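Reader: Please take a close look at one part for me: the rings and whatever surrounds them. I'd like one connected walk-through, with the cut-offs spelled out as you go.

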Amino acid sequence: MTEMELLIDFHKDAERQGPGSNEDTLRALSFIDLDKKNRLKVADIGCGSGSQTISLAQNLNAEITAVDLFPEFLDKLNNNSRKLGLQDKIVTLEKSMDDLPFAKEEFDIIWSEGAIYIIGFENGVEKWKDYLKIGGYIALSEITWTTNSRPDEIEQHWNNEYPQIDTASNKMRILEENGFSPVGYFYLPESSWITNYYQPIEDRIDAFLKKHNNSDLAKGIVEAEQNEISKYRTYKDFFSYGFYVARKVE
Ligand SMILES: C[S@@+](CC[C@H](N)C(=O)[O-])C[C@H]1O[C@@H](n2cnc3c(N)ncnc32)[C@H](O)[C@@H]1O
């Protein structure tokens, strides 16, 4: 197995592939002022196995196109949506987020939790805004500094991992420069990281290593996850996922 195949294997049976919660999804949704009686067209980009896609489908009269690059995650989402009787609301699409087949102004809402970083926040906002109707909403969760200054170690770590990490005010400026009016912001609480994402990862480690015979690649993946978890536990006062909701006005 390649490293990517192992990573997918490690994450595919998890309920989520990133920090978040049903409550966070509903809180972001509460900022969206659209007539929810109408059938809305929604894109959920980088959906993973679709925990947030399911929440959106359960709370909106909508046709949701859930996009991910990896079919393993989309298969999980399709199974879950069938089990819950939501298959008429959710269509999955195996595509890269930088090569989407969407039409101009096709959607009322573009949603993406913990995934826009893959093509970079600014690039993603610039690319995806064309797919939104005027008056439509974008809702994005994105790694964010929660204070104006922070210890060097965590600053350097994130600048190496994702140089576009920034404060909420700078992320909102990018939204404004792209024709959006920010209508809501909050950052994810600790439980969305630990209870919903990191604890399940820690619970899967032993079985994963056993399944892959303690291979060096598998051990490397586990070590990287453990480092990330330890960084979060030490420096959680300085960063989180910010959730940004903004309305397209231009
Ligand atoms: C951190 S996970 C977030 C998943 C989900 N939104 C959640 O919060 O649980 C990022 C997701 O982006 C997907 N992904 C990675 N590269 C992608 C690409 N180029 N296009 C579309 N999806 C991609 C991954 O497969 C993964 O499911």
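Author: Let's start with charges and rings: a charge sits over a ring if NZ of Lys or CZ of Arg is within 6 Å of the ring centre and within 35 degrees of the ring normal. R204 does this with F10, its charged end lying over the ring at 4.8 Å from the centre. K41 does it too, with its charged end over the ring of F107, 5.3 Å from the centre.

A quick word on the ground rules. This is a predicted model, so local features need pLDDT of at least 70 and side-chain atom pairs count only at pLDDT 80 or more, while totals for chains, interfaces and linings use all residues. Residues are numbered from 1 along each chain as its sequence is written, and side-chain values use heavy atoms, with hydrogens and water left out.

Now the rings themselves. Rings of Phe, Tyr and Trp (for Trp, the six-membered ring) pair if their centres lie within 6.5 Å; planes under 30 degrees apart count as stacked, over 60 as edge-to-face and the rest as tilted. There are 19 aromatic pairs in the structure. One of them is W193 with F239, an edge-to-face pair at 5.9 Å centre to centre and 85 degrees between the planes. W193 sits in helix 8 and F239 in strand 8 (residues 239–248), so this pair ties together parts that are 46 residues apart in sequence. (Helices, H or I with at least four residues, and strands, E with at least two, are DSSP runs numbered from the N terminus.) Both partners are buried, meaning under 20% relative accessible area; over 50% is exposed and in between is partly exposed (1.4 Å probe, protein chains only).

The pair has company: ring pairs link W193 and F239 with W158, Y197, Y198, Y232 and Y241 into a cluster. W193 also contacts P19, I143, L188, Y198, Y232, F239, S240 and Y241, leaving aside neighbours within four places in sequence; contact here is heavy atoms within 4.5 Å.

Zoom out a little and you reach the nonpolar core (buried Ala, Val, Leu, Ile, Met, Phe, Trp, Tyr and Cys residues joined through side-chain atoms within 4.5 Å). The largest one has 73 residues, and W193 and F239 are among those with the most contacts inside it, along with I110, W111, W128 and L175. Helix 8 (residues 190–211) gives the most to this core, eight residues.

W128 takes us to helix 5 (residues 121–128), where F121, G124, V125 and W128 are buried. Looking down the helix axis, these buried residues fall within an arc of 95 degrees, so they line one face; the arc is taken from the directions from the axis to the C-beta atoms. Their cover includes strand 1 (40–45), strand 4 (107–113), strand 5 (132–145), helix 7 (168–177) and strand 7 (180–187).

Strand 5 also holds a charged residue, E142. Is E142 buried or exposed? It counts as buried because its relative accessibility is 1%. Its neighbours beyond four places in sequence include F121, Y162, K171, S240 and Y241. With Y162, the E142 side chain makes a polar contact of 2.7 Å, that is, a pair of N or O atoms within 3.5 Å, where within protein one must be able to donate a hydrogen and the other to accept it, and residues adjacent in sequence count only if both atoms are side-chain atoms.
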